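This report describes one protein chain for a reader who has not met it before. Please keep the sequence and the 3D view at hand while reading.

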Amino acid sequence: MSIFWRRGSSLQQQEKEQPELQSESKVNELKGTLGPLSGRSLLYCTDACLRRYLEARNWNVEKAKKMLEETLAWRSSYKPEEIRWHEVAVEGETGKLFRANFHDRAGRTVLILKPGLQNTTSMDNQIKHLVYLMENAMLNLPEGQEEMVWLIDFTGWSFTTNVPVRTAKDTINILQDHYPQRLAVAFLYAPPRIFQAFWKIVKIFMDPKTVQKVKFVYPKNKESVELMRSYFDMDNLPAEFGGKATMKYDHEDFSRLMAQDDVKAAKFWGFDDQKTGGYAASAAVAPEPSKPISITAS
């Protein structure tokens, strides 16, 4: 019996390792088709990055290559890693979008969106603000984590504060085409019934895999409450999302944190940061906060 058990164990081990070997083989194949890379493209195209693009294209190397090359071209022209907080800080004054000071149960970075607090009219700058915070969230992902969680609070949302469909489409395209496999799940908390009409339109532009990651959550729905409990420690989750914590967004505190991250980003990408704003000079020498910053919409 022991002989058969060892053989069975070996077979089980081989079955477990086979997908990993196939994944590594595909990554190496994609790496070979890309040819030599340098500079920021080389920094960007890690094995983990290549794996995300392969997953987004169902492990089809040619399709993943096309997608990745389009991203590299976009990054070369848009330069998302060079955006600095002072360029988009006005977008964050009301706390409509920011990185939370807590993680989900899996340790993933959380982005909080409050579309009802819209305070500007420049769609280009709104997208730039989102791209900046996506880059920032990626920079601050815990080791071993590649995805993030979105929490969207619809308090105060209406069609007057909603982005146009064209802007929503452009935003979705950027997120899907250039940040594949970065979203773990997005919770739409207590969206009004009128939002359903907008959702039916925008989800047409979304990949079916992305649509499945969007969860509608309602505070009086038992399944919704249990879903939030499964993802979050309720003591850390803000009351706006059914938790027990008090959330306060302080724009000055958050700006200082972002300025510190700007210094970190410049170091990561290997260039001297000459685009600093009012906060960055002090951020370069200031220690990181010893406690989570408070977060309240003013």
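The text below goes from the chain as a whole to its sheet, then to a pair of helices and a few loop residues.

## The chain as a whole

The model is predicted. Its chain holds twelve helices and five strands. There are 298 residues, and 43% of them count as buried. Among contacts between residues at least 6 apart in sequence, 78% join residues at least 24 apart.

## The sheet

How are the five strands ordered in the sheet? The order is S1-S2-S3-S4-S5, in an open sheet with mixed pairing. Strand S1 (97-103) and strand S5 (214-217) stand at the edges and have a single partner strand each, so one side of each is left without a neighbour in the sheet. On average, and with direction ignored, neighbouring strands are turned by 25 degrees against each other. As a general matter, strands of a sheet pair through backbone hydrogen bonds, in either a parallel or an antiparallel way.

The pairings, taken across the sheet, are these:

| Strand pair | Sense | Bridges |
|---|---|---|
| S1 and S2 | antiparallel | four bridges |
| S2 and S3 | parallel | five bridges |
| S3 and S4 | parallel | six bridges |
| S4 and S5 | parallel | four bridges |

Particular residues show where the strands meet. Between S1 and S2, His103 stands opposite Thr109 in S2. The hairpin of S1 and S2 has five residues between the strands, and Gly107 takes a positive phi near 85 degrees there. S1 is mostly covered, with five of its seven residues buried.

Strand S2 covers residues 109-113, and its connection to S3 passes through a helix. S2, helix H6 (residues 123-139) and S3 make a β-α-β unit that is right-handed. Across the S2 and S3 pairing, Leu111 stands opposite Trp150 in S3.

How many of the six residues of strand S3 (residues 148-153) are buried? Six of the six are, and the strand is described as mostly covered. Met148, Trp150 and Ile152 point one way from S3, while Val149, Leu151 and Asp153 point the other way, and all are buried. Trp150, which has Leu111 opposite, is thus on the side of S3 shared with Met148 and Ile152.

On the S4 side, Val149 has Val185 in S4 as its bridge partner. Strand S4 spans residues 183-189. Further along the sheet, Ala186 has its bridge partner in S5, namely Val214.

## Two helices in contact

Outside the sheet, one helix pair can be described in some detail. Helix H4 (residues 61-78) and helix H7 (residues 165-178) have axes that come within 9 Å and cross at roughly 120 degrees. The two helices are therefore oblique to each other. On the H4 side, the contact is made by Met67, Glu70, Thr71 and Trp74, which meet Ile174, Gln176, Asp177 and His178 in H7. The residues of this contact divide into three nonpolar, three polar and two charged.

## The loop between H3 and H4

Just before H4 in the chain is a loop that follows helix H3 (47-56), and Asn58 lies in this loop. Asn58 has a positive phi of about 50 degrees although it is not a glycine. Most residues other than glycine have a negative phi.

Trp59 is also placed in the loop between H3 and H4. Phi of Trp59 is near 65 degrees, again a positive value in a residue other than glycine.

Is Asn58 buried or exposed? Asn58 is exposed, because its relative accessible area of 57% is over the cut-off of 50%. Trp59 is partly exposed, with a relative accessible area of 29%.

## Gly242 and its surroundings

Another loop runs between helix H10 (222-231) and helix H11 (251-269), and Gly242 is found there. Gly242 is partly exposed, with a relative accessible area of 38%.

Which residues does Gly242 touch, not counting those up to four places away in sequence? They are Tyr189, Met234 and Leu237. Tyr189 belongs to the span of S4, residues 183-189. The C-alpha atoms of Gly242 and Pro219 are separated by 6.5 Å, with the two residues 23 apart along the chain.

Definitions and conventions
Residues numbered from 1 in each chain as written. Predicted model: local features only at pLDDT ≥ 70, side-chain atom pairs only at ≥ 80, totals over all residues. Heavy atoms only, no water. Axes fitted to C-alpha atoms, helices over the stretch in contact; angles between N-to-C directions. Parallel < 35°, antiparallel > 145°, perpendicular 65-115°, else oblique. Contact = heavy atoms within 4.5 Å. Nonpolar A, V, L, I, M, F, W, Y, C, P; charged D, E, K, R; others polar. Buried < 20%, exposed > 50% of the residue type's maximum accessible area, 1.4 Å probe, protein only. Pairing = 2+ DSSP bridges. Right-handed = clockwise from strand over helix to strand, strands pointing away.
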